[in-house]
Amino acid sequence: MALGGFFKYDKPGPGIKKDAPKKKFFFVFLEIWARNIWKLIPVNLIYVLMSLLIIPGGLAQAGMTNVARNLARDKHSFGISDFFSTIRKNFKQALPAGIINNFITILLSFAIFFYYMDVINKEGGITSIIGLGLCLACFIVFSFMKYYFWLLVITFKLSLKNIYKNCFTFSFANLKYNLLISLVNILVYGSIVAVIIFIPMELVLIVAVLAAMILPGFTHIFTQLCIFPKVKQLMIDPYYAEHQGEDIELRRNLGLEIEEEDENIFDDEKSIPEE
C-alpha cells in the first residue's frame with residue numbers, strides 16, 4: 001500500500017516507556033479529556049466561532065487538530081497560543097485546503113439532495129438511484145479522509161496532492177476506527193440536536209453554548225487517538241525500516257510522539273532525517 005511522498009524526522013518526543021502499563025482505549029480517552037477539559041474550553045469556543053465563518057474553517061481545523069493531537073499523545077499544549085501558532089505556521093496550506101474541502105462537501109451534499117429528490121419523486125429512474133448511491137459513497141469516503149487531513153497538514157511537509165492521496169488510503173486502511181469515529185460523532189452531535197429540538201426555546205442558547213464549550217475538544221481528541229497509530233504504522237515506521245542505522249536515539253524516543261515543538265516534521269521532498 002503505497003503512500004505518497006517522502007518524509008523526514010526532525011525532533012524527538014518524550015516517547016512512551018516500554019514497561020508502562022497499558023490502559024483500555026476508552027479509559028485512556030476519558031482520562032486525557034477530563035484532565036484537560038478546562039484548558040480546552042477557550043480553545044473550543046474560538047474554534048466554533050471561526051468555524052461559523054466558512055472560509056477560515058480550515059484554519060480553525062488546523063489549530064484545533066494541533067491542540068488535540070498533542071493532548072491525545074499526552075504532550076503538553078499551551079491551548080490558545082498553540083492554536084494560533086499552528087494557524088500561522090500552516091496558513092498558506094490550511095486556508096486553501098479548507099476552502100477546497102468545504103467546496104467538495106457542499107458539492108457532494110447538493111448532489112445527494114438532488115438525486116434523493118429525484119428518487120423519492122420517481123423522476124430519474126435507475127440513473128438517479130445509481131447517482132445517489134455513488135454520491136453517498138463519495139461523501140462517506142471523503143468524510144473519512146477528513147479525519148486524517150488536518151493531522152497530515154500540521155505534522156508532515158507534503159503537497160496537497162500527496163495529502164489527499166494519503167488520506168484516501170487511510171479512509172480504507174483504518175476503516176474500523178473510521179466507522180467508530182463516525183458513530184461517536186453521530187451519537188454526540190445527534191444527541192445535542194435532539195435535545196435542542198425538544199427543550200424549551202429559552203434553554204436552547206444555554207445548551208448550544210455548553211456544547212460549544214465541550215464537544216469540539218471531546219471529539220477531536222477521540223479522533224486523534226483513533227487515527228495516529230495507523231499514521232505511525234503506515235507513514236512513519238516504514239521510513240525507519242529502510243534507514244535502520246540512522247537516528248537510533250530519535251527512533252527510540254518516537255513511540256506515539258514525534259516532535260517537541262509544533263512544526264511540520266515530514267517532507268515529501270527529502271528522505272534523510274535531519275540530526
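Helix H3 runs to 16 residues and spans 22 Å from its first C-alpha to its last, close to the 22 Å expected at 1.5 Å a residue. Of those 16 residues, 15 are buried, so the rest of the structure largely encloses H3. Just past the end of this helix, Asp74 takes up a positive phi of about 60°. All of this is read from a predicted model, and the confidence values are taken up further down.

Helix H2 (residues 37–51) has 15 residues and covers 20 Å between its end C-alphas, close to the 21 Å expected at 1.5 Å a residue. Its buried residues are Leu40, Ile41, Val43, Asn44, Tyr47 and Met50. That set can be set beside a plain bit of helix geometry: an α-helix makes a turn every 3.6 residues, so residues three or four places apart point the same way.

Asp74 turns up again in the salt bridges, of which the count is two. In one of them, the side chains of Asp74 and Arg35 meet at 2.8 Å, N to O. This pair ties together distant parts of the chain, with Asp74 in the loop between helix H3 (57–72) and helix H4 (80–120) and Arg35 in helix H1, 39 residues apart. In the other, Glu31 and Arg35 pair up through their side chains at 3.2 Å, N to O. Here the partners sit four residues apart in helix H1 (residues 25–35), so about one helical turn separates Glu31 from Arg35.

How exposed are the three participants? Asp74 is exposed, at a relative accessible area of 56%. Salt bridges that share partners join Asp74, Arg35 and Glu31 into one network. Arg35 comes out at 44% relative accessibility, and therefore counts as partly exposed. Glu31, at 35%, is partly exposed as well.

Helix H4 supplies two residues worth a look. Gln93 lies in this helix and is buried, with a relative accessible area of 18%, which falls under the 20% cut-off. Setting aside neighbours within four places in sequence, Gln93 is in contact with Val153, Leu158, Ser159, Leu160 and Ile163. Ile104 also lies in helix H4, but is partly exposed, at 26% relative accessible area. In sequence, Ile104 and Phe142 are 38 residues apart; in space, their C-alphas are 8.6 Å apart.

On the surface, Ile126, Ile129, Ile130 and Leu134 make up a nonpolar patch of about 410 Å². Leu134 belongs to helix H5 (residues 125–155). With a relative accessibility of 53%, Leu134 counts as exposed.

Zooming out, the protein has nine helices and two strands, and read along the sequence these follow the pattern α-α-α-α-α-β-α-α-α-α-β. Of its 275 residues, 46% count as buried. The accessible surface comes to about 14,900 Å², with 70% of that belonging to carbon and sulfur atoms. As for how the chain packs against itself, take the contacts between residues at least 6 apart in sequence: 79% of them join residues at least 24 apart.

Now for how far to trust the coordinates. The mean pLDDT of the protein is 81, and 78% of the residues reach 70 or more. Confidence peaks in helix H6 (residues 160–173), at a mean of 95, and is lowest in helix H9 (residues 248–254), at 45. Two stretches drop below 50. One is residues 1–20, which has 72 contacts in the model beyond near neighbours in sequence. The other is residues 250–262, with 59 such contacts. Where pLDDT is low, the predicted coordinates should not be read in detail.

Technical notes. Residues numbered from 1 in each chain as written. Predicted model: local features only at pLDDT ≥ 70, side-chain atom pairs only at ≥ 80, totals over all residues. Heavy atoms only, no water. Salt bridge = Lys/Arg side-chain N within 4 Å of Asp/Glu carboxyl O. Buried < 20%, exposed > 50% of the residue type's maximum accessible area, 1.4 Å probe, protein only. pLDDT = per-residue confidence, 0-100. Contact = heavy atoms within 4.5 Å. Patch = residues over 30% accessible without salt bridge, like charges linked within 9 Å, V, L, I, M, F, W, Y side chains within 5 Å. Areas by Shrake-Rupley, 256 points an atom, 1.4 Å probe, with all protein chains shown as cover. Expected span 1.5 Å × (residues − 1).
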